[in-house]
Amino acid sequence: MSMALLTKTVYELWYLSSDLIYIIIFPQLLCMLFIKGTNTYGAVAGYISGFFLRIAGGEPYLYLQPLIFYPGYYSDKNGIYNQRFPFKILSMVTSFLANIGVSYLTKYLFESGTLPPKLDVFDAVVARHSEENMDKTILVKNENIKLDELVPVKPRQSITLSSTFTNKEALLDIDSSPEGSGIEDNLQ
């Protein structure tokens, strides 16, 4: 909302929004899709590190002066600093690496017992009601659950689109109206 209020044109708002998507959301999407083991703790660390490095590089559209002067910065005629260094790529890569690093670190700390399970506030590493992850193979192997206690899976029937949306009662000769079909009258 602050970006929308501080920018003067729609182009500036679009430009800043695309920057935030590239730096904050894109690394999280890559980690979620392609890197097994990343979790919420890594995502939060990635958000914070990427956002900080992006904002610390300054933004001429919002008249934010840089906190970090990357190599190749210069001041324009209005006294606003511009960066020539590709700090947006650096911010994105830092967000990506922070996500991976913090995810694996927290996973190691929780699984090794260094951190107790009650500190897993995001429920990202340790299952809420057990000391271990609730995996069927672990439960069956430890004889906590027997195979006959597991719910049987029914094989999926082949369903066609036309059979899904066909009113089968309407095709029968039985009267299915709410007033009744007269069957109750015959039973009495």
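Is phenylalanine 26 buried, exposed or partly exposed, and what is its relative accessible area? I looked this up before anything else, and phenylalanine 26 turned out to be partly exposed, with a relative accessible area of 31%, where buried means under 20%, exposed over 50% and partly exposed in between, for a 1.4 Å probe and protein chains only.

I noted for myself that this is a predicted model, in which local features need pLDDT of at least 70 and side-chain atom pairs count only at pLDDT 80 or more, while totals for chains, interfaces and linings use all residues. Residues are numbered from 1 along each chain as its sequence is written, and side-chain values use heavy atoms, with hydrogens and water left out.

**Entry on the nonpolar patch.** I placed phenylalanine 26 in helix H2, helices being DSSP runs of H or I with at least four residues and strands being runs of E with at least two, numbered from the N terminus. Together with Tyr22, Ile89, Val93 and Leu97, Phe26 makes a nonpolar surface patch of about 410 Å². Helix H2 (10-34) and H4 are the elements that give two or more residues to this patch, and H4 gives the most, with 3 residues. Such patches are made of residues with over 30% relative accessible area and no salt bridge (a side-chain nitrogen of Lys or Arg within 4 Å of a carboxyl oxygen of Asp or Glu); nonpolar side chains (Val, Leu, Ile, Met, Phe, Trp, Tyr) are joined within 5 Å, and like charges within 9 Å. The areas come from the Shrake-Rupley method with a 1.4 Å probe, and for residues only the protein chains shown count as cover.

**Entry on asparagine 99.** I then turned to asparagine 99, which is found in helix H4 (residues 87-112) and is buried, with a relative accessible area of 2%. Not counting residues up to four places away in sequence, asparagine 99 touches several residues, including Pro27, Cys31, Thr38 and Gly46, where contact means heavy atoms within 4.5 Å.

**Entry on tyrosine 70.** I found tyrosine 70 in the loop between H3 and E1, where at 7% relative accessibility it counts as buried. Leaving aside neighbours within four places in sequence, tyrosine 70 is in contact with Leu53, Gly57, Gln83, Phe85, Phe87 and Leu90.

**Entry on backbone angles.** I checked tyrosine 63, which lies in the loop between helix H3 (40-56) and strand E1 (74-75), and its phi is near 60°, a positive value in a residue other than glycine. Aspartate 123, in the loop between H4 and helix H5 (136-141), has a positive phi of about 55° although it is not a glycine.
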